[in-house]
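Please open the structure in your viewer and keep the sequence panel beside it. The tour below moves from one selection to the next and says what can be found at each stop.

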Amino acid sequence: MDWVSFQADASRAAIWVGGTEHDELRLSLDWLQATLARWKTPLAVCVEFDDVIFRATHDPTTPRLAILATDRPARWTLEDALRLSCAWPLLPIVSVASSLVDGRRRSGPALPGIEEIPWYDLPGRVETWLAAWENGRVGTLAVPNASRRDERLLGILPATASKPPSVAVVAPTPLEADGLAAMVPVAGGIVSATRCGRPRLDETASVLVWDVGAISADTLGWLAILAANCPQLAIIVVESFPRCDSVRAALEAGAGAVLGKPVAVEALMGTLRRLTSAADGLGERGPDG
């Protein structure tokens, strides 16, 4: 655990609270560290909860974000959340959930007031939150859970890139393709094409959002060929229930990111921003950085 960088610029720090040995959470943590590094935001990783409280009582500066690593149901209690909130009042707290928590997550968060994020969505969500804060906006974590439905987010989502990327959408059915395509403009892209089945191997868009249903051997084979034929194409794979082994296989085959269903507009927005920032000339800090 390294608290030196955290103390050097605590007002811009994030805190990861909990274990790092779970494969899915470890992968999510690696993505998170890469995202925070682009935004010059240090991350303090603390396995023991009591040490976080000790640090809070000895450092009055409030970090930007606290993340509870939830590797199993009932990993954290309301008392834990209250102690953390009392130590740093107004600190945004979210929970990142592994697949073992996935079923409960879909029925609602276990801790009142704590946003529960699936492990594969965390980097995209954090990218969106940081972009909002850098643009002087409060972001979605400052509004009640009941106001976080995607259709209510337009007024609080961050400004997107000056050159929206062209996005091709591929899904198993026209209805699913149209649903994803409707989210792309809100997430900061321009829909260039919608198709059913498999994507074309000569895709000319900047980004491909491909709803594969479930990652299979055939999907991975086509993905590898596509990535080889179109090395400039950023590929976002959408799967119904992402698991660590399938996500790693998709990334190794050439995907830039894997998102789950239902796709959250915050996660899609942050993922588009992360994958296209270099091509759009945004540098490391976004359009205003």
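## First stop: a leucine and its helix

Begin by selecting Leu 226, which is found in helix α8, and keep in mind throughout that this is a predicted model. Is Leu 226 buried or exposed? With a relative accessible area of 0%, Leu 226 is buried, because buried means under 20%. If you now show the residues around Leu 226, leaving aside its neighbours within four places in sequence, you will find contacts with Pro 199, Arg 200, Leu 201, Leu 208, Leu 233 and Ile 235. Select Ala 255 as well: Leu 226 and Ala 255 are 29 residues apart in sequence, and their C-alpha atoms lie 9.7 Å apart in space.

Next, widen the selection to the whole of helix α8, residues 217–229. At 1.5 Å a residue, the 13 residues of α8 should span 18 Å, and the end C-alpha atoms of α8 are indeed 18 Å apart, which agrees. Colour the buried residues of α8, which are Thr 219, Leu 223 and Leu 226. They cover an arc of only 65 degrees around the axis, so they sit on the same side of α8. Turn the helix over, and on the face of α8 turned away from its buried side you will meet the exposed residues Ala 217, Asp 218 and Ala 228. What covers the buried residues of α8 includes the strands β8 (207–213) and β9 (234–239), together with helix α9.

## Second stop: two helices side by side

Two packed helices are described by the angle between their axes and the distance between the axes. Keep α8 on display and add helix α9, residues 244–253; the two pack at an angle of about 30 degrees, with their axes 8 Å apart. Because angles under 35 degrees count as roughly parallel, α8 and α9 are roughly parallel to each other. Show the side chains at the contact, which is made by Leu 220, Leu 223, Ala 224 and Ala 227 from α8, and by Ala 249, Ala 250 and Ala 253 from α9. The residues of this contact divide into seven nonpolar, no polar and no charged.

## Third stop: helix α3

Move to helix α3, residues 49–58, and select its buried residues, Phe 49, Val 52, Ile 53 and Ala 56. They cover an arc of only 95 degrees around the axis, which places them on the same side of α3. On the other side of α3 you can pick out Asp 50 and His 58, which are exposed. To see what the buried residues of α3 pack against, add β1 (14–17), β2 and α4 to the display.

## Fourth stop: helix α2 and a buried serine

Now select helix α2, residues 23–38, whose 16 residues should span 22 Å at 1.5 Å a residue; the end C-alpha atoms of α2 are 23 Å apart, which agrees. Several residues of α2 are buried, among them Glu 24, Trp 31 and Arg 38.

From Glu 24 you can step across to Ser 99, which touches Glu 24, Trp 119, Pro 242 and Arg 243, not counting residues up to four places away in sequence. Ser 99 has its place in the loop between β4 (93–97) and α5 (102–106), and at 16% relative accessibility Ser 99 counts as buried. The C-alpha atoms of Ser 99 and Tyr 120, 21 residues apart along the chain, are separated by 9.7 Å.

## Fifth stop: unusual backbone

Most residues other than glycine have a negative phi, and most peptide bonds are trans. Select Lys 40, in the loop between α2 and β2 (43–46): Lys 40 has a positive phi of about 55 degrees although it is not a glycine. At 46% relative accessibility, Lys 40 counts as partly exposed. Leu 90, in the loop between α4 (78–87) and β4, also has a positive phi, of about 70 degrees, although it is not a glycine, and Leu 90 is exposed, with a relative accessible area of 83%. Finally, go to Pro 262, in the loop between β10 (257–260) and α10 (265–280), where a cis peptide bond joins Lys 261 and Pro 262, with omega about -10 degrees.

## Last stop: the whole protein

Zoom out to the complete protein, whose secondary structure comes to 10 helices and 10 strands. Buried residues make up 53% of the 289 residues in the protein.

Methods: Residues are numbered from 1 along each chain as its sequence is written. This is a predicted model: local features need pLDDT of at least 70, side-chain atom pairs count only at pLDDT 80 or more; totals for chains, interfaces and linings use all residues. Side-chain values use heavy atoms; hydrogens and water are left out. Axes are lines fitted to C-alpha atoms, for helices over the stretch in contact, and angles run from 0 to 180 degrees between N-to-C directions. Helices (H or I, at least four residues) and strands (E, at least two) are DSSP runs, numbered from the N terminus. Angles under 35 degrees count as roughly parallel, over 145 as roughly antiparallel, 65 to 115 as roughly perpendicular and the rest as oblique. Contact means heavy atoms within 4.5 Å. Ala, Val, Leu, Ile, Met, Phe, Trp, Tyr, Cys and Pro count as nonpolar, Asp, Glu, Lys and Arg as charged, and the others, Gly among them, as polar. The expected span of a helix is 1.5 Å times one less than its number of residues. Buried means under 20% relative accessible area, exposed over 50%, partly exposed in between (1.4 Å probe, protein chains only). The arc is that of the directions from the helix axis to the C-beta atoms.
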